[in-house]
Amino acid sequence: MIEISGLYRKVGDRMLVNDVNLTIPDGMIFGIIGPSGSGKTTLMRMIDLLDNSTMGSITINGTRATRDKKQQLELRRKMGMVFQKPIVLSTTVFENVSYGLRFRGVKGDELKARVIEAIDLVGLSGYEDRYAPTLSGGEMQRVAIARSMVTRPEVLLLDEPTANLDPASTQKIEELIGTINARFGTTIIMSTHDLDQGQHIAHRIAVVIGGMITQAGTPEEVFHKPLNSEIAKFVGLENIIGGTVTKTEEGLATILTHGKEVEAVSTEGVGSQVFISIHPDDITLHSGLGIEKSKSSARNCIIGTVTVTTLSGPFVLVTLDCGFPLKVIVTRRSVEDIGIQPGKEMQACFKASAVHVMKS
Amino acid sequence: MNDIIDGFIQAIQLIVTLNPEVMEIAMRTLMISLTATFLASLVAIPAGWWIHFHEFAGKRVVINIIQTLYAVPTVLVGLFVYLLISSSGPLGMLGLLFTPAGMILAQMLLVIPMMIGLVITAFSGVDRTVVDTISSLGATGYQSMVAIIKEVRFAVIAAVILGFGRAISEVGAAMMIGGNIRGYTRVLTTSITLETSMGNLPLSIALGLILLGIALIITVILNIVQERSRT
């Protein structure tokens, strides 16, 4: 288990890591997501004890890291780290993978067997004698993973391991991450700015913005119930609109936004400044302007004018001007059936439960 | 003109017949310069590594001084070592003046700054992520140094070869510290100086050709090393 408490790192006037508190249980794939320059890499380097903290503590499997170089080396030897840039040393694949074992004094047949096992794990059997710098980026990154895994680390740190790779190589690395976690129970901490990757690989996710953990939770929580508008924007939620709670009744809040009233499931009190987000999938469009709320299960129906329609794979992204831009995803069939086109007035309906309310 | 041609012919005869005096001078020269280069490497490579990978006050000044010393005149190094090991100097009790050991010391001091500088340049070409990768694999400080040197081995070898080239071709310090004693401290460069002043051109040319041959071998090795580093 990795426990991080009150962790700070300040360089000059810049606070790169700001009061980070995290607990990462054994065997978990933990994703760290955040925009570029948000402090993900610094946090990963600090966990691997490559960079010192300004304040706070990191405890790895019960041992609290100190500034003592010898202790740091002992702890670092329980971990492996793969960097964003695929790095191989100027020698063969076999020699590359053997480095960590040689540093630990492993020699002879044991070294050979373990190196071959690690190379096999990443699917590069037969590449042992290849000069590593001549490999492709994806192959180099797999060598880097084999080089970290050969020492059988308790924790594997992956810093944006697929950032520079093509889709096919990315898929192989993602499968490999799952295999390593399932087969060896290795705790994996992976930073990424690829939201899909974070969502489908990680068991839990922390969002880092400006060096701070702004939210940590399951992918479902982070991607569907972001705590604030900044996280919502980062995780790609659409239709983020600011407003004020004007009424509350039986768990329902009425929010006034751009002159329109929206009902949402929320416990925010009257007068609270909030942001709401509505997933474009959760909104239906109707051409008849006379639809009564009572005839629809949706509590919210807002009238707007279609401004843009954009193809999005098998769907169409429709943008309405409702006093604020509202994006709706509909099928191509619906576009034809309802006659959705720019300039046409439409009614957008959505349930109160589809409205996610965030503190301002 | 005939003197020069005759000199060349006689010089080639001296080399081809493995003239004992010529061979003895050549072997001593190699022994002194190779030893000096080897010992200088033991100092310069770790020193270059330490200077490059550690932050300390005045680091830039130290590097500037090292770079300035690249071009230090050999007679100045000779003078410095002379003051150091002469009977009244701080190391006078070691009795190194006019000995091959003294010459080795002088050549070491001559080439160390250049080798440190070249080694620092070699390390500055190492990607920071390579250093981090080696650290993250659990390397101790020493293991990290060895692994990084392996990464830039061709550039480091080039630095050592260039150091050897400077050591073997210098004459000022060798003359001042060695004293050009026949059969003891006489090396190719000091010998050429002496024999030329004595009018013994064939021997001078023979020794000069050997020195040139060594320079040629150094250049060829350097080219091979640099070629390998590019592939």
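User: In this predicted model, what pattern does chain B follow when read along the sequence?

Analyst: A pattern of this kind lists the elements in sequence order. In this predicted model, chain B reads α-α-α-α-α-α-α-α-α-α-α. The count that goes with this pattern is 11 helices and zero strands.

User: How many helices and strands does the secondary structure of chain A come to?

Analyst: Chain A has 10 helices and 20 strands.

User: What box do the C-alpha atoms of chain B fill, and what does the trace of chain A span?

Analyst: Both are taken along principal axes. For chain B the box is roughly 65 × 50 × 25 Å. The C-alpha trace of chain A spans about 80 × 45 × 35 Å.

User: What share of each chain is buried?

Analyst: Burial is a count of neighbours: a residue with 20 or more other C-beta atoms within 10 Å of its own is buried. Of the 231 residues in chain B, 39% are buried. In chain A, 40% of 360 residues count as buried.

User: What share of the contacts in each chain join residues at least 24 apart in sequence?

Analyst: The pool is the contacts between residues at least 6 apart in sequence. Within that pool, 76% in chain B join residues at least 24 apart, and in chain A the figure is 65%.

User: How should I read a sheet, and which order do the strands of the open sheet in chain A have?

Analyst: Strand order is read across the sheet, and it need not follow the sequence. Here four strands of chain A form an open sheet in the order β2-β1-β4-β5, with antiparallel pairing. The edge strands are β2 (14–24) and β5 (63–64) of chain A; each has a single partner strand, so one side of each is left without a neighbour in the sheet.

User: How many bridges join β1 to β2 in chain A?

Analyst: Seven bridges join β1(A), residues 2–11, to β2(A), and the two run antiparallel. One pair to locate is A:Ile4 with its bridge partner A:Leu22 in β2(A).

User: Which strands does helix α1 of chain A touch?

Analyst: Helix α1(A), residues 40–47, packs on the sheet and touches β1, β2 and β4 (55–60) of chain A. Its direction makes about 60 degrees with that of β2(A).

User: Is α1(A) mostly covered or uncovered?

Analyst: Mostly covered, since eight of its eight residues are buried. Among them are A:Leu43, A:Met44, A:Met46 and A:Ile47, but also A:Lys40 and A:Arg45. Just after the helix, A:Leu49 takes a positive phi of about 60 degrees.

User: How is chain A divided into domains, and how many residues does the contact take from each?

Analyst: Chain A is divided into domain 1 (2–234) and domain 2 (240–359). Their C-alpha centres lie 41 Å apart. Seven residues from domain 1 and six residues from domain 2 of chain A make the contact. On the domain 1 side, the residues divide into three nonpolar, two polar and two charged.

User: How many residues of each chain are in contact across the A–B boundary?

Analyst: 17 residues of chain A are in contact with 14 residues of chain B. On the chain A side, the elements giving two or more residues are α2 (69–76) and α3 (93–103). The largest share, three residues, comes from α3(A). By class, this side has eight nonpolar, three polar and six charged residues.

User: How should I read a nonpolar core, and which members of the largest one touch the most others?

Analyst: In soluble globular proteins, nonpolar side chains tend to be buried together. Here the largest nonpolar core has 159 residues, and those touching the most other members are A:Ala146, A:Ile189, A:Ile276, A:Ala348, B:Met115 and B:Val119. Helix α5(B), residues 100–124, gives the largest share of this core, 17 residues. Domain 1 and domain 2 of chain A both give residues to the core, so it lies between them.

User: Which residues does B:Val119 touch?

Analyst: Leaving out residues up to four places away in sequence, B:Val119 touches B:Ala44, B:Ile45, B:Gly48, B:Val156 and B:Ala159. With the same exclusion, B:Ile149 touches B:Ile45 and B:Val156.

User: Where does B:Ile149 lie, and is it buried or partly exposed?

Analyst: B:Ile149 lies in helix α7(B), residues 141–151. It is partly exposed, because 19 other C-beta atoms lie within 10 Å and a buried residue needs 20 or more. From B:Pro202 it is 53 residues apart in sequence and 44 Å apart in space, C-alpha to C-alpha.

Note on methods: Residues numbered from 1 in each chain as written. Chains lettered and ligands numbered in written order. Predicted model: local features only at pLDDT ≥ 70, side-chain atom pairs only at ≥ 80, totals over all residues. Pairing = 2+ DSSP bridges. Contact = placed C-beta atoms within 7 Å. Axes fitted to C-alpha atoms, helices over the stretch in contact; angles between N-to-C directions. Nonpolar A, V, L, I, M, F, W, Y, C, P; charged D, E, K, R; others polar. Core = buried A, V, L, I, M, F, W, Y, C linked by C-beta atoms within 7 Å. Buried ≥ 20, exposed ≤ 12 C-beta atoms within 10 Å, placed from the backbone. Domains from an automatic or database assignment.
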